[in-house]
Amino acid sequence: MTPNPQASPLFAGKYARGPDRPRRQISVLSFVMAEHNELIDHSQEEPELERDPEPRRVGSQGGEDLLNNIDPNYNEEEEERKYFRRKRLGVIKNVIAVSFANMLMYSVYLGLLQMQFILHYDSTYREVKYSNIHLKDIDKKVLMGINVAPIISLLYTPVLIRFFGTKWVIYLATGIYALFVSTNYWERYYTLVPAATAIGTIIVPLWASLGNYITRMGQKYCEFVHYKEHQDKPEQLAKGKAHQYIITFQCIFYAFFQFSFVWAELPFEFFIKGHLKNYKHTLYNVKSCGTYQKGMIAGLNSTILDQLPKSMDLIIVESVLMGVAFSAMLIVLLLCGSAYRPTEEIDLRSIGWGNIFQLPFKHMRDYRLRLLTPFFIYGGFELLFFLTGYTLSYGVCALGLEAFGRILMTFGVSAAVGSLLTMPLERMRHGSTLLVTTALHLFLIVALFAWAPRPRDPAQQIVVYAVAALWGLGSGFNSTGLSILLGTTYEDKNRQDFIFTIAQWWKTIAIFITYLWTTYVSSMKVKLSVLLVCLLVALLCYLLLKHKVIHQQRPRLPHLPRPRRRNRGYRYFADEQSDTDSEDTDGDGEDNADGEWEEPNARERRMREK
């Protein structure tokens with residue numbers, strides 16, 4: 001027979017359960033002993049136990065209502081304003097952090113490449129330091145790995161970005177650049193060439209992720225500024241509302257990047273330059289410069305170092321560069337936030353890896369991308385031509401290796417100024433920077449056709465630096481203007497990684513062609529001719545693009561598959577939808593004018609309005 005706990009003496013008195021007393025848990029063993037063992041004396045008063053305080057009940061008459069405990073000075077609108085202000089400051093922090101980290105990373109990368117190539121060029125250094133290996137052959141293989149590997153990057157870049165996420169691709173690329181720096185401690189074929197090939201494979205994913213990241217930051221900042229207008233769907237913005245923020249953030253990012261050409265010259269200016277011989281020795285056999293040049297610098301002396309740098313000094317310099325590269329990794333890891341919400345990243349991956357692989361190729365059917373392709377190619381041409389062609393065949397040939405760092409620093413400062421000047425130009429007239437770039441570079445290319453500076457003549461340094469400054473100004477306009485144009489034209493967050501992948505892939509194709517002509521094409525006039533033709537074709541295609549846009553010709557965008565929603569697991573919540581056009585409905589939607597999936601009812605309403 002089961003004993004009745006209410007009838008037991010243990011539950012009598014103060015422990016009896018009443019309407020205002022909570023139930024106390026008594027062990028089964030104590031209850032059984034109380035019922036069947038007479039040795040227990042119930043007459044003794046049990047010690048009083050400490051009871052938990054009565055919980056506050058909502059609606060009690062004693063004024064203990066939790067809703068009444070809210071601070072009377074609480075202002076919901078003010079707290080909401082402060083919350084979105086913190087969100088905006090977080091976006092600004094992300095932009096500055098990723099821009100600064102990218103500047104540090106490329107400063108280390110470019111500075112290390114320049115230092116190593118100058119040291120490896122000297123025949124005495126190669127003989128004394130590494131007599132048993134062919135350093136010049138290794139340098140050729142390193143350049144081949146950096147310039148040839150990106151050709152196949154279009155096949156895996158979108159998959160890589162969607163799999164890891166935008167931020168983590170940037171972090172992975174930063175780590176690979178740091179790995180390349182670390183391999184220079186032990187310069188061998190099996191260390192330098194694989195690391196250089198890894199850099200070549202990650203270049204396109206890195207720059208596609210950076211372009212996508214900065215564009216998304218501009219859109220998110222706009223969401224946090226206009227949060228009152230988009231309370232229900234804060235991720236949906238009116239077309240063109242985020243343009244001013246995208247322009248601002250892209251200009252800031254590229255201004256930071258252009259300064260990497262300045263900081264990259266610090267190892268040269270403070271370390272390598274003190275070991276160089278005078279320009280009268282290094283350029284003694286040079287007979288012509290500029291437009292008459294055959295190769296980079298025909299006749300450059302094979303011994304350019306006055307004294308060999310100490311091994312310990314090289315280790316110290318490389319350790320400093322390694323520390324800076326590691327700092328860039330930490331900045332990306334700790335200070336950069338995600339570009340997408342967790343549910344958005346799930347939606348981006350859930351369309352299927354086969355579709356992700358195909359969509360970059362399908363986006364090439366858009367006439368806007370096809371007509372911008374010559375500008376993408378010219379962007380790769382003009383940067384590599386200045387770094388290799390003009391700097392060596394015009395600048396160094398006339399002023400000596402001592403001026404190499406100052407020429408590139410002039411270019412970097414001017415390009416940074418050009419990126420900042422893009423901001424007012426784009427706000428006054430959208431797309432005007434590409435026209436300014438075309439006019440400026442067209443004038444400079446024609447001038448370079450006719451200019452052949454005299455070897456070993458420092459009196460021409462004003463002209464050399466002026467051309468470098470003007471070229472840098474145009475290069476800043478070009479790179480920043482193209483990125484702004486892509487970010488403002490393709491506002492759909494589901495397409496941006498595909499668009500920036502295509503743009504950066506075409507630039508790497510141009511870099512590969514430039515690598516080939518430095519190897520197989522020696523005449524400077526041929527290089528300038530290719531540059532001029534590409535610039536004119538880019539101008540004509542851009543004017544045709546403006547004509548089609550003005551006449552509102554409909555672009556052909558591929559259909560984006562609907563995200564395959566799986567409402568299982570802790571990472572996805574149904575109340576945090578990231579796309580309104582992908583909700584589960586009974587009908588089969590169709591593509592709208594922008595190639596996005598559209599509900600049948602919405603399509604009918606739009607047709608009736610027309």
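Here is a short conversation about a predicted model and the packing around helix α19.

Visitor: How do you know how far to trust this chain?
Guide: Happily, pLDDT gives the predictor's confidence in each residue. The chain averages a pLDDT of 81, and 79% of the residues score at least 70. Over residues 569–600, though, the pLDDT is below 50, even if this stretch has 75 contacts in the model beyond near neighbours in sequence. Residues 55–63 also stay under 50, with six contacts beyond four places in sequence.

Visitor: What makes up the secondary structure of the chain?
Guide: The chain comes to 21 helices and two strands. Of its 610 residues, 49% are buried.

Visitor: Why is the pair α5 and α19 called oblique?
Guide: Let's take the angle. Helix α5 (residues 157–164) packs against helix α19 (residues 496–520) at about 140°, with the axes 10 Å apart. Roughly antiparallel needs an angle over 145 degrees, and roughly perpendicular covers 65 to 115. The angle of about 140° fits neither class, and therefore α5 and α19 are oblique to each other. The crossing of α5 past α19 is right-handed.

Visitor: Which residues meet where α5 and α19 touch?
Guide: From α5 come T157, P158, I161 and R162, and they meet D497, F498 and T501 in α19. By class, this contact has three nonpolar, two polar and two charged residues.

Visitor: What makes R162 count as a buried residue of α5?
Guide: Buried means under 20% relative accessible area. R162 is listed among the buried residues of α5, together with T157, P158, L160 and I161, so its relative accessible area is under 20%. The buried residues of α5 pack against α6 (166–183), α7 (189–225), α13 (342–349), α14 (353–363) and α19.

Visitor: What follows α5?
Guide: G165 does, and its phi is positive, near 100°.

Visitor: Why is α15 called oblique to α19?
Guide: The axes of helix α15 (residues 367–399) and α19 come within 8 Å and cross at roughly 45°. Roughly parallel would need an angle under 35 degrees, and roughly perpendicular starts at 65. That is why α15 is oblique to α19. This crossing is right-handed.

Visitor: Which residues of α15 and α19 meet, and how do they divide by class?
Guide: Among them, F376, F381 and L384 in α15 belong to the side that meets a set in α19 including W506, A510 and W517. The residues of this contact divide into 13 nonpolar, five polar and one charged.

Note on methods
Residues are numbered from 1 along each chain as its sequence is written. This is a predicted model: local features need pLDDT of at least 70, side-chain atom pairs count only at pLDDT 80 or more; totals for chains, interfaces and linings use all residues. Side-chain values use heavy atoms; hydrogens and water are left out. Axes are lines fitted to C-alpha atoms, for helices over the stretch in contact, and angles run from 0 to 180 degrees between N-to-C directions. Helices (H or I, at least four residues) and strands (E, at least two) are DSSP runs, numbered from the N terminus. A crossing is left-handed if the near helix is turned anticlockwise from the far one by less than a right angle, and right-handed if clockwise. Contact means heavy atoms within 4.5 Å. Ala, Val, Leu, Ile, Met, Phe, Trp, Tyr, Cys and Pro count as nonpolar, Asp, Glu, Lys and Arg as charged, and the others, Gly among them, as polar. pLDDT is the predictor's confidence in each residue, from 0 to 100. Buried means under 20% relative accessible area, exposed over 50%, partly exposed in between (1.4 Å probe, protein chains only).
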